[in-house]
Amino acid sequence: MTTHTAPPPMQESLLDVGGRKIFVAETGDGPPVLLLHGGGPGASGVSNYSRNIAELAKEFRVIVPDLPGYGRSTKGIDLTDPFGALATGIRGLLDRLGLDKAHLVGNSYGGACALRLALDTPDRVDRMVLMGPGGIGTTRALPTPGLNALLNYYTGGGPSRLKLERFIRDYLVFNAAQVPESVIDARYRDSIDPEVVADPPLRRPKSAAALWRMDFTRDKRLSRLAVPTLVLWGGADKVNRPTGGRMLAGRMPDCDLYEVANTGHWVQWERADLFNHLCAGFLAGRR
């Protein structure tokens with residue numbers, strides 16, 4: 001059985017970025033890499049990358065923020081352009097850290113943030129790794145059952161541990177038995193933060209214009225985005241369709257695609273050893 005090294009001690013900061021607070025944990029030395037987490041209920045940076053930080057920190061300065069609206073960062077984002085709001089916050093974080101350029105690694109919502117930041121300001125991104133990113137072909141098909149479960153978490157009867165457990169075990173991962181109860185307990189506890197319940201950071205688009213803006217395959221800049229990119233997509237992803245990987249590889253001029261068998265939406269957690277090897281090698285230029 002594979003054992004995963006726990007995250008090492010990390011320096012923690014709560015930084016002012018454009019009048020809002022962004023929580024950041026970091027460790028390691030070397031080229032800077034930002035790890036951007038997904039948008040599921042209760043998500044946060046260090047928890048989402050708990051199986052990756054120690055390995056990546058052997059070669060890189062690993063910077064792990066809580067995205068705007070999540071964890072210990074200021075709650076609430078602009079839902080008329082959520083990807084743009086996330087990208088603006090993370091670009092402001094780069095400025096606050098004094099970084100002209102960095103590698104970006106993004107899962108799901110964090111992948112959408114990374115891609116939008118790269119499209120808006122490609123000079124700020126060195127290399128990029130995306131795992132099942134959001135916003136790929138979303139206007140070309142109905143939402144998946146997994147995405148619907150995610151978007152419905154705070155609606156109806158509101159959040160509950162049962163709803164969260166069903167989302168994680170039925171939709172987030174390929175092998176539900178791999179997820180310990182402690183992970184679900186921690187995610188549920190964070191998901192019912194009163195500030196998050198009052199203003200969930202991931203909701204259905206407010207308008208057709210917002211929906212259109214949130215589909216990167218409608219953005220003409222995608223075919224000109226020269227940032228070297230590695231896309232890792234779980235072949236059994238039930239949240240964002242694996243066909244999205246082929247859409248990106250077919251449109252971006254410098255995009256490698258690796259579809260991971262028997263893996264769901266959480267590639268960096270489910271297949272941590274493979275992810276760590278591929279991610280570190282790609283970011284270091286060993287492609």
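**View 1. H265 is a buried residue in a predicted model.**
In this predicted model, H265 has a relative accessible area of 3%. Because that value is under the 20% limit used for the term, H265 is classed as buried. H265 sits in the loop that runs between strand 8 (255–260) and helix 11 (267–270).

**View 2. The side chain of H265 meets that of D237.**
The side chains of H265 and D237 are joined by a polar contact of 2.8 Å. D237 is also in the list of residues that H265 touches when residues up to four places away in sequence are not counted. The others in that list are N107, S108, G132, L172, V239, N240 and E270.

**View 3. H265 helps to line the largest cavity.**
How many cavities of 30 Å³ or more does a search of the whole structure find? The search finds 1. The space in the largest cavity is about 90 Å³. Its lining includes H265 and W266, together with G38, G39, G40, N48, N107, S108, L150, F167, L172 and R187. N107, S108 and L172 belong to this lining and are touched by H265. By class, 7 residues of the lining are polar, 4 are nonpolar and 1 is charged.

**View 4. The largest pocket is lined by 29 residues.**
This pocket, the largest, has a volume of about 560 Å³. Which residues lie nearest the centre of the largest pocket? They are G135, T138, P143, L147 and N240. Helix 5 (145–151) and helix 10 (243–251) are the elements that give two or more residues to the lining. The lining of the largest pocket divides by class into 17 nonpolar, 9 polar and 3 charged residues. N240, listed here near the centre, is also a residue that H265 touches.

**View 5. The second largest pocket is lined by 35 residues.**
The second largest pocket holds about 410 Å³ of space. Nearest its centre lie G42, A43, S44, G71 and D190. At least two lining residues come from each of strand 2 (20–27), helix 1 (45–48), helix 5 and helix 7 (181–191). Which helix gives the most to the lining of the second largest pocket? Helix 1 does, with 3 residues. Of the lining residues of the second largest pocket, 18 are nonpolar, 10 polar and 7 charged. Helix 5 contributes to this lining and to that of the largest pocket.

How values were computed. Residues are numbered from 1 along each chain as its sequence is written. This is a predicted model: local features need pLDDT of at least 70, side-chain atom pairs count only at pLDDT 80 or more; totals for chains, interfaces and linings use all residues. Side-chain values use heavy atoms; hydrogens and water are left out. On a 1 Å grid over the protein atoms alone, a cavity is a set of points where a 1.4 Å probe fits but cannot get out, and a pocket is an open set with protein on both sides within 12 Å along at least five of seven lines; lining residues have an atom within 4 Å of a point. Grid points are joined across faces, edges and corners, and a volume is the space filled by probe spheres set on the points. Helices (H or I, at least four residues) and strands (E, at least two) are DSSP runs, numbered from the N terminus. Ala, Val, Leu, Ile, Met, Phe, Trp, Tyr, Cys and Pro count as nonpolar, Asp, Glu, Lys and Arg as charged, and the others, Gly among them, as polar. Buried means under 20% relative accessible area, exposed over 50%, partly exposed in between (1.4 Å probe, protein chains only). A polar contact is a pair of N or O atoms within 3.5 Å; within protein, one must be able to donate a hydrogen and the other to accept it, and residues adjacent in sequence count only if both atoms are side-chain atoms. Contact means heavy atoms within 4.5 Å.
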